[in-house]
Amino acid sequence: MKLSEHFTLEEMLRSETAEKKGIENRINAVEVNNLVRLCTKVLEPLREHFHQPIHINSGFRCQALNAAVGGAKDSYHTKGRAADIPMHPGWLAYIRDHLPHTELINEGTWIHVAL
Ligand SMILES: [Zn+2]
């Protein structure tokens, strides 16, 4: 299922940890809508500006998956409001200066962004 032109629900739900541990990573309609918003307002404009595909390292996490990966309790990942994407030159600064965000964290090799 497409969330926006270039992003799918499947890539937002995919998780190696979930597969290994047999966690279903179920999402509800409200959380899907939040993902649509994140894709439309942040990820698509970022992709468009840099003309580069964006790999989703981690998108939505149900409570069980979030706990399994050691995520912060009430992480925006559990609400469909956050994504972790690889660090590329210019991406962090572009999000900071030009795109809406509630959280923007430099994690070293990746960027955590939430809306
Ligand atoms: Zn994150």
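A residue is called exposed here if 12 or fewer other C-beta atoms lie within 10 Å of its own, buried if there are 20 or more, and partly exposed in between. With that in hand, D74 is easy to place: it has 10 other C-beta atoms within 10 Å, so it is exposed. Keep in mind that this is a predicted model.

**Three residues to compare**

D74 sits in the loop between α4 and β1, and its phi is positive, near 60 degrees, even though the residue is not a glycine. N25 shows a positive phi as well, near 55 degrees, and again the residue is something other than glycine. You'll find N25 in the loop that links α2 (16-21) to α3. Is N25 buried, exposed or partly exposed? It counts as partly exposed because it has 19 C-beta neighbours inside 10 Å.

L65 makes a good contrast. It belongs to helix α4, residues 63-68, and it is buried because 22 other C-beta atoms lie within 10 Å. L65 and N25 are 40 residues apart along the chain, yet their C-alpha atoms are separated by 6.6 Å. N25 also turns up in the contact list of L65, along with S15, T17, A18 and I23, once neighbours within four places in sequence are left aside.

Here are the counts in one place:

| Residue | C-beta neighbours within 10 Å | Class |
|---|---|---|
| D74 | 10 C-beta atoms | exposed |
| N25 | 19 C-beta atoms | partly exposed |
| L65 | 22 C-beta atoms | buried |

**The sheet**

Now for the strands. There are 3 of them in an open sheet, ordered β1-β3-β2 and paired antiparallel. β1 (82-86) and β2 (103-106) are the edge strands; each has a single partner, so one side of each is left without a neighbour in the sheet. From one strand to the next, the twist averages 15 degrees.

How many bridges join β2 to β3? There are 4, and the two strands run antiparallel, with β3 covering residues 110-114. Walking along β2, E103 has A114 as its bridge partner in β3, L104 faces V113, and I105 faces H112. These two strands make a hairpin with 3 residues between them, and G108 in that turn has a positive phi of about 95 degrees.

On the other side of the pairing, β1 and β3 are antiparallel over 5 bridges. One residue to look up there is I85, whose bridge partner in β3 is I111.

**Helix α3**

Helix α3 spans residues 29-50, which makes 22 residues. Its first and last C-alpha atoms are 30 Å apart, close to the 32 Å expected at 1.5 Å a residue. That said, α3 does have a kink of about 40 degrees, centred on C39. Right after the helix comes H51, with a positive phi near 55 degrees.

Which residues of α3 are buried? They are N34, L35, L38, C39, V42, L43 and L46. So the residue at the centre of the kink, C39, is itself on the buried list, because buried here takes 20 or more other C-beta atoms within 10 Å. The cover over these buried residues includes α1 (9-13), β1, α5 (91-98) and β3.

**The core**

The largest nonpolar core has 21 residues, and the members touching the most others are L35, L38, C39, V42, L43, A83 and V113. Two or more residues come from each of α1, α3, β1 and β3. The largest share, 6 residues, is supplied by α3.

V42 is a handy place to zoom in. Not counting residues up to four places away in sequence, V42 touches I95, L99, P100, H101, V113 and L115. Among those contacts, V113 is the residue that stands opposite L104 in the hairpin, and V113 is also one of the members that touch the most others in the core.

Technical notes:
Residues are numbered from 1 along each chain as its sequence is written. This is a predicted model: local features need pLDDT of at least 70, side-chain atom pairs count only at pLDDT 80 or more; totals for chains, interfaces and linings use all residues. Two strands pair if DSSP finds at least two bridges between them. Axes are lines fitted to C-alpha atoms, for helices over the stretch in contact, and angles run from 0 to 180 degrees between N-to-C directions. The expected span of a helix is 1.5 Å times one less than its number of residues. The bend at a residue is the angle between axes fitted to the seven residues ending there and the seven starting there. Two residues are in contact if their C-beta atoms, placed from the backbone, lie within 7 Å. A nonpolar core is a set of buried Ala, Val, Leu, Ile, Met, Phe, Trp, Tyr and Cys residues joined through C-beta atoms within 7 Å.
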